[in-house]
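Subject: Handover of a structure and findings

Dear colleague,

Please find below the structure that I am handing over to you. A description of what was found in it follows directly after.

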Amino acid sequence: MWINYVRTVKMNRLIEERLSRYKSQIIDYAGLKSILVNLEFSNINDKIKKLRDDQVLKPLKKGIYIFNSTTSDNVISKELISNILLGNPSYISLDYALSY
């Protein structure tokens, strides 16, 4: 039992280290699947669900996640999230642009 726990912790650290290479902290299903396959996981969807339950990943929409880093305090801008969700480039109102 203890060995399985240690192994799980090590694998989660490896996953977090690989996910932290994404500068924007936003990752899609294909990128996440690639990381997990390279780490020799067989039940990809189960592992993604576990990472979501542990709040390592937060879903933005189906197939797109935000990596919730435990070591970094980077804040993801609303503009970046809107570009991901709505497509590039998203509309910015004149009032919003002038508010800066």
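Glu17 is partly exposed, its relative accessible area being 34%. This is a predicted model, and the values in this message are computed from it. Glu17 forms a salt bridge with Arg21, in which the closest N and O atoms are 2.7 Å apart. Arg21, for its part, is exposed, with a relative accessible area of 54%.

How many salt bridges does the structure hold? The number is 3. Besides the pair just described, Lys49 and Asp53 are joined through their side chains in a salt bridge, at 3.2 Å from N to O. Both residues belong to helix H3, where they are 4 residues apart, or about one turn of the helix. Asp53 counts as exposed, at 52% relative accessibility. A salt bridge also links the side chains of Lys50 and Asp54, again with an N to O distance of 3.2 Å. Lys50 is partly exposed, with a relative accessible area of 41%, and Asp54 likewise counts as partly exposed, at 38% relative accessibility.

A further lysine deserves a separate paragraph. Lys47 is placed in helix H3. Which side chain of opposite charge is nearest to Lys47? It is that of Asp54, 6.0 Å away; Lys47 is buried yet has no salt bridge. A salt bridge requires a side-chain nitrogen of Lys or Arg within 4 Å of a carboxyl oxygen of Asp or Glu, so the 6.0 Å that separates Lys47 from Asp54 does not qualify. Lys47 does have a polar contact, however: its side chain and that of Asn12 are joined at 2.8 Å. When neighbours within four places in sequence are set aside, the residues in contact with Lys47 are Asn12, Ile15, Leu36 and Phe41.

I turn next to the interior. The largest nonpolar core has 14 residues. Those with the most contacts inside this core are Leu19, Ile27, Leu32, Ile48 and Leu57. Two or more residues of the core come from each of these elements: helix H1 (2-19), helix H2 (29-38), helix H3 (44-53) and strand E3 (64-67). What does Leu32 touch, if residues up to four places away in sequence are not counted? Its partners are Leu19, Ile27, Ile48, Leu57 and Tyr65.

Tyr65 also appears in the pairing of the strands, as the bridge partner of Pro59 in E3. Strand E2, which covers residues 57-61, pairs with E3 in the antiparallel sense over 4 bridges. The two strands form a hairpin with 2 residues between them. Gly63, in the turn of this hairpin, has a positive phi of about 85°.

Finally, some remarks on helix H5 and the segment after it. Tyr96 lies in helix H5 and is partly exposed, with a relative accessible area of 28%. Apart from residues up to four places away in sequence, Tyr96 touches Lys78 and Glu79. Ser99 is found in the segment after helix H5 (94-98), and it counts as exposed at 53% relative accessibility. How far apart in space are Ser99 and Arg7? From C-alpha to C-alpha the distance is 50 Å, and the two residues are 92 residues apart in sequence.

With kind regards

Key: Residues are numbered from 1 along each chain as its sequence is written. This is a predicted model: local features need pLDDT of at least 70, side-chain atom pairs count only at pLDDT 80 or more; totals for chains, interfaces and linings use all residues. Side-chain values use heavy atoms; hydrogens and water are left out. A nonpolar core is a set of buried Ala, Val, Leu, Ile, Met, Phe, Trp, Tyr and Cys residues joined through side-chain atoms within 4.5 Å. Buried means under 20% relative accessible area, exposed over 50%, partly exposed in between (1.4 Å probe, protein chains only). Contact means heavy atoms within 4.5 Å. Lys and Arg count as positive and Asp and Glu as negative; His and the chain ends are not counted. A polar contact is a pair of N or O atoms within 3.5 Å; within protein, one must be able to donate a hydrogen and the other to accept it, and residues adjacent in sequence count only if both atoms are side-chain atoms. Two strands pair if DSSP finds at least two bridges between them.
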